[in-house]
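Student: I would like a close look at one part of this structure, the place where two chains meet. Please go through it step by step.

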Amino acid sequence: MNRPLIALLTDFGLRDSYAGVMKGVILSHCPQARLVDLCHEIPPQDLRAAALCLRQSAPYFPEGTLFVVVVDPGVGTRRRVLWAKNKRHSFLASDNGVLSWLEDRPRIYRAVENPSLRLKPTSRTFHGRDIFAPAAAALAAGASPAILGPAVSPRARLELPTPRKLPHGRLRGQILATDRFGNAVTSVPAAAAKGRRVFFRGQALGPVRGTYSAVRSGEALALVGSSGFLELSVREGSFAGQFSAAPGDYAELE
Amino acid sequence: MNRPLIALLTDFGLRDSYAGVMKGVILSHCPQARLVDLCHEIPPQDLRAAALCLRQSAPYFPEGTLFVVVVDPGVGTRRRVLWAKNKRHSFLASDNGVLSWLEDRPRIYRAVENPSLRLKPTSRTFHGRDIFAPAAAALAAGASPAILGPAVSPRARLELPTPRKLPHGRLRGQILATDRFGNAVTSVPAAAAKGRRVFFRGQALGPVRGTYSAVRSGEALALVGSSGFLELSVREGSFAGQFSAAPGDYAELE
Amino acid sequence: MNRPLIALLTDFGLRDSYAGVMKGVILSHCPQARLVDLCHEIPPQDLRAAALCLRQSAPYFPEGTLFVVVVDPGVGTRRRVLWAKNKRHSFLASDNGVLSWLEDRPRIYRAVENPSLRLKPTSRTFHGRDIFAPAAAALAAGASPAILGPAVSPRARLELPTPRKLPHGRLRGQILATDRFGNAVTSVPAAAAKGRRVFFRGQALGPVRGTYSAVRSGEALALVGSSGFLELSVREGSFAGQFSAAPGDYAELE
């Protein structure tokens, strides 16, 4: 029998022991759980980066995976924690819209309210340890989601920015995130980018390419990346670095 | 039956393969061991940061966890390695005081001296790989601690800084560590902070708060954090960044 | 029975979810696989850093470990992926020479070509997810390497820089990599360094030492490190930082 798989997505970073402590709590209550670090370096409290990461990553995880998403500008407020479920996966996340960008949007939700599933004393600053981790362990150990709390509907929703139509058939998207290599993921889906030419701050990046090798080393290009979105890159270099490009910046297509 | 759990706490960082190699050695000698990264980003040779991390984290790990602590300014000297045990956990660490801040101070110690438990050749610069990892694997595989070496008493001890009493009932603590979010953990325990007002470099941070949401976004505050100590923070911002605050800086309470 | 062990070595870094997604794919196809992060912070597309890391780390892993090495300046080109095998381990890596520095050079190779072992659609930018991970999972699940593709010989080879002999018996090596502590690993093997005196940019670092404690805190020294190569260090400090030393810089021995 397979062991229950829990994937962790947080903005805790790895320079502190926050992620490690969450694992200690989970394994204290469910020793057979299997833990995978999806990512802990979401920029602090950056809901859009977390939502994008989850959208791009979740489809590649086994059926039955529980994603524990601890990214929340509102930690310590009364913002509730939700359990959610779509066809293949389930999720624990604050009710802040971070699950909104999943392609298979969850339709079943519960509020995580059961006080007996919290560590005592329950801090107001480290809900990952005191609320998320014990709830995840209980679920991984086989508890029914019904013990978490009542069925609810989510309150918050995060809009996935869609490209804006400009005159003359032009299209304007924006950068959603940049990665370690300096690639900039935009809000333009593959289908909308097809056959167009791409511009960034007035500079032509050429047509949408199939691969980095379409340009010379050090040259900028636009291509449909592994994210399913149009990405701006520099072959063997950093687009974000070379163009000082950051989330929110616009890219135009014609 | 549960697999033996080993938690790793080092200053190796993650840009090199030091931590990965330790795992290779442990799994070579104890394939059933279960490994958890507590933290590898302790600042190089920072005993106080490691001692604080261990104090805050250990209580959240399952009974029987073996903590392998590789942080030592004296690597390559004749400083001995200790095995230690408290009620719920055991530890491997250099005899440099890094275990002194544990709330449940270990009372049973052994020197790790058995040459047959070292990798050969034994380097003088990577004891994590050549001494700690094989000893951890032997213990996880069921060896008696008695084979490590003789029972001893630790030589080194690290004092946990206690707040200093000032005239007029004022109290002075110091920053022990800062985290990724720019929160500054001070040496003032929750009980001593209760009901007081907090100052940093003469600037009033107000009374001790219950949660970040007690102030507006971008404002500084003092609250009792998940560490059990008074922490200085900026809501949705970085106290360490905004105040250039660092370990050793003083906070005053009145 | 032991679970199949897969060690991951990439330049993906940990700020994005690339490494996490590879794990999701592997566990989707081989739930019993055991995953170890060897290192994900190889500098982007730095083949020499990856080759050195693998050379130094592989011997410490259990027999039967499969190393998945995803570091390739040529991603998205037609560069093929290889499976390789030496006495104790097997490897998946691009045919770019990254396996050339292994002390036990692999002698058996196959091209990873079987289209049924790729994720569909297969991106041209994330081969770690779409080609390496499913191939690794298939092997870990017990598939014969023969199903990957035909037996081949590797095309690319990376030369391990050897020290150059200078007049008067002097020797010139170069820095291959620096680590988190600022230690600089050179290309001079232990045997060639024995009994010599070391110079860096004309500055004498003294004879090859046995341990850091041979010099005072803050002083530079040369010693044979855990890598088996001559390393340049500063006791309780950073050689790379203090001397602005970087890969490619020369060290001389007399």
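**The interface of chain A and chain B**

Tutor: Across the interface of chain A and chain B, 14 residue pairs are in polar contact, both residues of each pair being at pLDDT 80 or more. The model is a predicted one, and the values below are computed from it.

On the chain A side, two elements each supply at least two residues to the surface that touches chain B: α1 (18-29) and β2 (34-39). Of these, α1(A) gives the largest share, eight residues. By residue type, the side of chain A that touches chain B divides into 16 nonpolar, 12 polar and nine charged residues.

One salt bridge is counted between chain A and chain B. Its partners are A:E41 and B:R180, with the closest N and O atoms 3.1 Å apart.

As for extent, 37 residues of chain A are in contact with 28 residues of chain B. The size of an interface is often given as the accessible area lost when the parts come together. Here chain A and chain B bury about 2600 Å² between them, and 55% of that is on carbon and sulfur atoms. Within chain A, the residues that lose the most area to chain B are A:R15, A:L27 and A:T125, which together account for 21% of what that side buries.

The contact between chain C and chain A can be described in the same terms. There, 37 residues of chain C are in contact with 28 residues of chain A. The area buried between chain C and chain A is about 2600 Å², 54% of it on carbon and sulfur atoms. Again the count is one salt bridge, and it joins the side chains of C:E41 and A:R180 at 3.2 Å, N to O. Polar contacts across the interface of chain C and chain A number 14 residue pairs, both residues at pLDDT 80 or more. On the side of chain C that touches chain A, the elements giving two or more residues are α1 (18-29) and β2 (34-39) of chain C. The greatest contribution to that side is from α1(C), with eight residues. The residues of that side of chain C comprise 16 nonpolar, 12 polar and nine charged. Chain A therefore uses A:E41 in its salt bridge with chain B, while A:R180 serves in the salt bridge with chain C; the copies meet through different surfaces, because only 11% of the interface residues of chain A are also interface residues in chain B.

The arrangement of the copies follows from a superposition. A turn of 120 degrees and a shift of 0.0 Å along the axis lay chain A on chain B with an RMSD of 0.0 Å. The two copies are thus related as by a three-fold rotation axis. The residue of chain A that comes closest to the rotation axis is A:L14, whose C-alpha is at 5.1 Å.

Finally, a helix of chain A deserves a separate note. Helix α2(A), residues 47-57, is largely enclosed by the rest of the structure, because nine of its 11 residues are buried. The buried residues of α2(A) are A:L47, A:A49, A:A50, A:A51, A:L52, A:C53, A:L54, A:R55 and A:S57. The N-terminal end of α2(A) is capped by A:D46, which places a side-chain oxygen 3.2 Å from the backbone nitrogen of A:R48.

Definitions and conventions:
Residues numbered from 1 in each chain as written. Chains lettered and ligands numbered in written order. Predicted model: local features only at pLDDT ≥ 70, side-chain atom pairs only at ≥ 80, totals over all residues. Heavy atoms only, no water. Contact = heavy atoms within 4.5 Å. Buried area = accessible area lost by both parts, 1.4 Å probe. Salt bridge = Lys/Arg side-chain N within 4 Å of Asp/Glu carboxyl O. Polar contact = N/O pair within 3.5 Å; in protein donor to acceptor, adjacent residues only side chain to side chain. Helix = DSSP H or I, 4+ residues; strand = E, 2+ residues; numbered from the N terminus. Nonpolar A, V, L, I, M, F, W, Y, C, P; charged D, E, K, R; others polar. Least-squares fit on C-alpha atoms with pLDDT ≥ 70 in both. Buried < 20%, exposed > 50% of the residue type's maximum accessible area, 1.4 Å probe, protein only.
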